[in-house]
Amino acid sequence: MKYLVALDPNLYADNAAAVAAITATGAGIVNNYAFNLTFEIEATAEQFGSLAGVIMSQDSGVSVNVKLQIANTDHLRYCTGTTEDPRPWNPITTGAGEYIYLVDTGVKKSHAEFTEADIVDLWSNFTNDPTIGLYDDEAGHGTAVASLIVGLRQGAAKNATLYNLKLFNENNGNITIGEIINALNAVLYHHNGNLLSKTKIVCLPWVIPQNNFVDAKINEMNENNLVVVCAAGNDG
C-alpha cells in the first residue's frame, strides 16, 4: 500500500535521517518530496506501523471528487469592452517580471489569447498515458483561467510568466490525493530552484473535499514564499 507521510523534525535531524528510518522498516520510497520530511512510501501495514515519528499520514490512493466548472462568464464584462457597456481594461500593473503557477487542465497555447503570452510547460500528470496530451488543454477550464491571467484582451497580469501544470484532463471527475501532492510538489521544487527569495503565485482554481494532508502542504507552501490562491464558490 502507498502512504503519504510527514515525519517529525524533532525526531529526524534531516532528510537523510528520515530516509534511513523509512528504509530500515523495509518500506520503499516512491517519492521524496520537496516538502519538509514528507514522502510517499510503499509499505505493508506492519512496516508503516513500525515507522516512528509520523505526525501526519494519508492513503496516497484515496480518490476525491474535483470540480473545476465555470458556471458563467458574466465577470468578463468587467474586464473587456462590450457594445452594451464598454469598459477599458487597464490594470495598474501588468505582471511584468512575476511568476504564476497554474495547476489545472493544461493550456491550449495555440489560442489567439496567448499570441503574446509567456507560458512555460512545467509538469504533467499524464506522462504515462500516450492517449492524453501532456500539456494541452482537452477540457477547456485551464485555458479559460489562463486567459484571465495572461490573456491578450483580458489578462489581469498579461506580462507575467505562467507555468502550466496539467493535473486534470476533465472539468469534473476524480483525482487521488497522491496526484494532488505530486502537482504541489512540482511547484515547490521549481520554486526552490528558481529565485527562492522571490514571491510567486500558485493558482488552484478547483474544489475538492477538505483534506488535512493537502491543507498542511498548502500551508507549507505559503510559509515558503508562495502565495496560494484557491477557488471559492465552485459549488455555487
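Which loop holds Leu37? Leu37 sits in the loop between S2 and S3. I'll come back to that residue. One caution before we go on: this is a predicted model.

Let's start at the N-terminal part, with helix H1. H1 covers residues 15-24, and its buried residues are Ala18, Ala21 and Ile22. Looking down the axis of H1, those buried residues fall within an arc of 100 degrees, so they line one face of the helix. The general rule fits here. An α-helix has 3.6 residues a turn, so residues three or four places apart point the same way. Now the other side of H1. There, Ala16 and Ala24 are exposed.

What sits over the buried residues of H1? The cover includes three strands. They are S1 (2-7), S2 (28-32) and S3 (38-42).

Now the ends of the helix. Asp14 caps the N-terminal end of H1. A side-chain oxygen of Asp14 lies 3.3 Å from the backbone nitrogen of Ala16. After H1 comes Gly26, with a positive phi near 95 degrees.

Next, strand S1. Five of the six residues of S1 are buried, so the strand is mostly covered. S1 has two partners to show you. With S3, S1 pairs in the antiparallel sense over five bridges. Val5 stands opposite Phe39 in S3. With S4, S1 also runs antiparallel, and five bridges join the two. Here Leu4 has Gln58 of S4 as its bridge partner.

Stay with Gln58 for a moment. Gln58 is in strand S4, residues 54-59. Is Gln58 buried or exposed? Gln58 is buried, with a relative accessible area of 15%. Its side chain makes a polar contact with the side chain of Asn211, at 2.9 Å. Leaving out residues up to four places away in sequence, Gln58 touches Lys2, Tyr3, Leu4, Ile177, Asn211 and Phe213. So Leu4 turns up twice, as a bridge partner of Gln58 and in its list of contacts.

Back to Leu37, as promised. Leu37 is not a glycine, yet its phi is positive, about 45 degrees. Most residues other than glycine have a negative phi. Leu37 is also buried, with a relative accessible area of 5%.

Leu195 makes a good companion case. Leu195 is not a glycine either, and its phi is positive at about 50 degrees. Leu195 lies in the loop between H4 and S10. Leu195 is exposed, with a relative accessible area of 52%. So we have a positive phi at a buried leucine, Leu37, and at an exposed one, Leu195.

On to the largest nonpolar core. How many residues does it have? The count is 32. Leu167, Ile180, Leu184 and Trp206 touch the most other members. Several elements each supply at least two residues of this core. Among the strands are S5 (63-67), S6 (99-104), S8 (161-166), S10 (200-204) and S11 (226-230). The helices are H4 (177-193) and H5 (212-223). H4 gives the largest share, eight residues. In general terms, nonpolar side chains tend to be buried together in soluble globular proteins.

Take Ile180 from that core. Setting aside neighbours within four places in sequence, Ile180 is in contact with Val64, Leu167, Ile175, Trp206, Ile208 and Val214. Two of these, Leu167 and Trp206, are also named with Ile180 among the residues that touch the most other members.

Now Val103, in strand S6. Val103 is buried, and its relative accessible area is 0%. Val103 and Phe168 are 65 residues apart in sequence, but 8.4 Å apart in space, C-alpha to C-alpha. Beyond neighbours within four places, the contacts of Val103 include Leu165, Leu167, Phe168, Ala183 and Val187. They also include Cys203, Leu204, Pro205 and Trp206.

Last stop, strand S10. Four of the five residues of S10 are buried, so the strand is largely enclosed by the rest of the structure. S6 and S10 pair in the parallel sense over three bridges. There, Ile100 has Ile201 as its bridge partner in S10. S10 and S11 run parallel too, joined by five bridges. Ile201 has Val227 as its partner in S11. So Ile201 is a bridge partner of Ile100 and of Val227. Finally, S10, H5 and S11 make a right-handed β-α-β unit.

Methods. Residues are numbered from 1 along each chain as its sequence is written. This is a predicted model: local features need pLDDT of at least 70, side-chain atom pairs count only at pLDDT 80 or more; totals for chains, interfaces and linings use all residues. Side-chain values use heavy atoms; hydrogens and water are left out. Buried means under 20% relative accessible area, exposed over 50%, partly exposed in between (1.4 Å probe, protein chains only). The arc is that of the directions from the helix axis to the C-beta atoms. Contact means heavy atoms within 4.5 Å. A polar contact is a pair of N or O atoms within 3.5 Å; within protein, one must be able to donate a hydrogen and the other to accept it, and residues adjacent in sequence count only if both atoms are side-chain atoms. A nonpolar core is a set of buried Ala, Val, Leu, Ile, Met, Phe, Trp, Tyr and Cys residues joined through side-chain atoms within 4.5 Å. Two strands pair if DSSP finds at least two bridges between them. A crossover is right-handed if, with the strands pointing away from the viewer, the path from the first strand over the helix to the second runs clockwise.
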